[in-house]
Amino acid sequence: MAVKTFREAIREALIEEMDRDERVFLMGEDIGRYQGTFRVTEGLFQKYGPHRVWDTPISEPGFIAIAIGAAIDGLRPVVEVMTWSFAFLAMDQIVNHAAKILYKSGGACRVPMVIRGPAGPGKQLASQHSHSIELWLAHTPGLKVVIPSTPADAKGLLKTAIRDENPVMFIEHPQLYLTKGEVPEGEYTLPFGVADVKREGRDATIITYSRGVLLAQQAAERLKEEGIEVEIIDLRTLVPCDWETVFRSIRKTHRAIAVHDDWRYAGFGAEIVAQIQEHAFDYLDAPILRVAGADVPMPYNKHLERHAVPQVEDIVAAVKQVL
Amino acid sequence: MSTRTNRTKKTAHIPDAERAELIELYRQMLLIRRFEEHCDKAYRQDKIGGYLHLYIGEEALAVGFISQLNPDDRVLGHYRDHGYVLALGSDPKAVMAELYGKVTGLCRGKGGSMHLYDKEKNFLGGYAIVGDVIGIATGVAFAAKYEGSDRIVLCFFGDGAMNAGLLHESLNMAGLWKLPVIYIVENNKYAMGTPVELHSAVTNLAKRASVYGFPSETIDAMDVLEVRKHARRIIDHVRTHKEPYFVEAITYRFVGHGAADITDPGSYRTREEVEEWRKRDPIPTLAKYLLENGIATQDELDAIDREVRAVVEEAARFADESPDPPLDELWEHVFVD
């Protein structure tokens, strides 16, 4: 298998799906001639031309509404948001329409579309470009939420997303774009709702996704030096979510820690805690802890920013606390 | 018999197809009117819940435009949407059942008055967030262009939507990409209870929409023959020239913003103003034309009225007798499996 970066894996999925299905087209700000802010779509305008790769004006509500309209009439839009922080402008389109058209039409109209792009902190982009958005989306019935951590998962899940008959929100962490990993060539799809045990262990379970997986892996290496073996579960998709894999792990380790960049207060970690206590309470030997973002707007200063997001040492400390 | 003789004499120049089309326009407008008169009653009886926005007074617009479409053209509208589906030929029983919230409704009782869909008739949705249909209809037109088809899209919305930011974004992209969509603003003078003069810096709405690189004009929408004439020309233009078009349709609703609107008339518009506009009621206007030109007799018009009343009665009975959605329907259609 070839080693590729996260963004190359995404690009590969886009190319394969565009080649497979003519109804698939790309739309977004500066994704064509400029080749994308994070260069995920590098070369695609040159390869496919303006009929398949649409540079849009800076009009998030407008072009996301267009994608919804195109999707209900049979196309397969893949929309890039330059950052998910800009998708707040289009939350009306996403929440009021993409998520509801199937339901309110009694199943008559489908919205098979993907919105993808970066979300998350760590690039000194300060308060308005650093949002994690997964919780806002996962909270809304009708949206699938995909948030991969490795290049291979990104490819396999994006291909599945483009083939899905529902609106799929695909979240890429900007700090992952240049990470590398082996990526299967050609046809490679991953099902939604199947978590991946990224590391097996017996002492505690870290439940996480996206960049949190990388942090957890580093924490696991450090803990191993002290003889502590943690299990890491990468949820990969939050809607649908593979809770059974989580519960199975808790039944083994009896300890759980949820990790994410997003704000702690009412974040997805709270859902993880609730699910475990509802379904695996009897197996717990310690309170479930959350290692999550500080509940503040993201500061610009590098030092402050670092303290606003989870660090490896925070996870190490949390694991030790529950042992 | 004398009427019949009279008709034959006066209308020798009107071909049968045209005669039939005019009668059909009349039948459709009357169907919408009678259908909604029943809705108003059913709303007061709590058979219809939520919000109910009636199209009474504006029938000529939907009927005049939709009558000129090809079968595979698309229509989208805002939440005052009963007129569009009925003009498109949706089954009145399924429409009424939807308003009653029944499982036999167009959307299995899960959409209601403000969110009708009829994919078979190419009605791709009534949208209940003011202005949002403009963006989605633009996307449906995008699909038509993308596929290289000859389809065009009608997008209906109210004058209040002129002030939603999405209008600017959508019209810009439609102009930029030459999308086959006709934006039709139903200028009925009021955004709920706020007159155009108090919500739009420029009250000529066609002028406001004239800066996006495609044609824009104002038409009189109280006369279905006028609407049909303009619709024919505008639809042909859009299909031929592959570009959008903006239509400001001057119209008026004879009833309140919603069936629950207790402020009308009196609070934001006068009874006199409503009465003045009622003189231009599109249904008697067409009736007069049909009679004067010997296209139909009063007996024939009365028969049409009896016919549509029977259709509405049957729809109401069907809706009444239909079951509620079963409880497992609650969890259906959140996702396509």
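Helix axes here are lines fitted to C-alpha atoms over the stretch in contact, with angles taken between N-to-C directions from 0 to 180 degrees. Keep that in mind for the exercises below, which work on a predicted model.

**Exercise 1. Classify how helices α1(A) and α7(A) lie against each other, and describe their contact.**

Step 1: Start with the geometry. Helix α1 (residues 6–20) and helix α7 (residues 151–163), both of chain A, have axes that come within 8 Å and cross at roughly 30°.

Step 2: Apply the cut-off. Angles under 35 degrees count as roughly parallel, so α1(A) is roughly parallel to α7(A). The handedness of their crossing is right-handed.

Step 3: Look at who touches whom. On the α1(A) side the contact includes A:Phe6, A:Ile10, A:Glu17 and A:Arg20, while α7(A) brings in, among them, A:Pro151, A:Leu158, A:Lys159 and A:Arg163.

Step 4: Sort the contact residues by character. Nine are nonpolar, seven are charged and none is polar.

**Exercise 2. Work out the layout of the five-stranded sheet in chain A and place a helix on it.**

Step 1: Write down the strand order. This open sheet reads β9-β11-β10-β13-β14, and its pairing is mixed.

Step 2: Find the edges. Strands β9 (196–199) and β14 (289–293) of chain A each pair on one side only. On average, neighbouring strands are turned by 25° against each other, direction ignored.

Step 3: Zoom in on one pair. Strand β13 (residues 256–263) of chain A runs parallel to β14(A), with four bridges between them. Here A:Ala258 sits opposite A:Arg290 of β14(A).

Step 4: Add the helix. Helix α10 (residues 268–279) of chain A packs on the sheet and touches β10 (204–208), β13 and β14 of chain A, at about 155° to the direction of β13(A).

**Exercise 3. Follow the seven-stranded sheet of chain A out to its neighbour in chain B.**

Step 1: The order in this open, mixed sheet is β3-β2-β4-β5-β7-β6-β12. Strands β3 (53–55) and β12 (237–239) of chain A have a single partner each, so one side of each lacks a neighbour in the sheet.

Step 2: Strand β2 (residues 24–28) of chain A is joined to β3(A) by three bridges in parallel fashion, and A:Leu26 stands opposite A:Val53 in β3(A).

Step 3: Now cross over to the other chain. Helix α6 (residues 132–146) of chain B lies across β2 and β3 of chain A, at about 130° to β2(A).

Step 4: Finish with the whole interface. Chain A contributes 45 residues and chain B 38. The buried area is about 3,400 Å², 69% of it from carbon and sulfur atoms. In chain A, the residues losing the most area to chain B are A:Asp73, A:Tyr103 and A:Lys104, together 22% of what that side buries.

Notes:
Residues are numbered from 1 along each chain as its sequence is written. Chains are lettered from A and ligands numbered from 1 in the order in which they are written. This is a predicted model: local features need pLDDT of at least 70, side-chain atom pairs count only at pLDDT 80 or more; totals for chains, interfaces and linings use all residues. Side-chain values use heavy atoms; hydrogens and water are left out. Two strands pair if DSSP finds at least two bridges between them. Helices (H or I, at least four residues) and strands (E, at least two) are DSSP runs, numbered from the N terminus. Contact means heavy atoms within 4.5 Å. Angles under 35 degrees count as roughly parallel, over 145 as roughly antiparallel, 65 to 115 as roughly perpendicular and the rest as oblique. A crossing is left-handed if the near helix is turned anticlockwise from the far one by less than a right angle, and right-handed if clockwise. Ala, Val, Leu, Ile, Met, Phe, Trp, Tyr, Cys and Pro count as nonpolar, Asp, Glu, Lys and Arg as charged, and the others, Gly among them, as polar. Buried area is the accessible area (1.4 Å probe) that two parts lose on being put together, summed over both.
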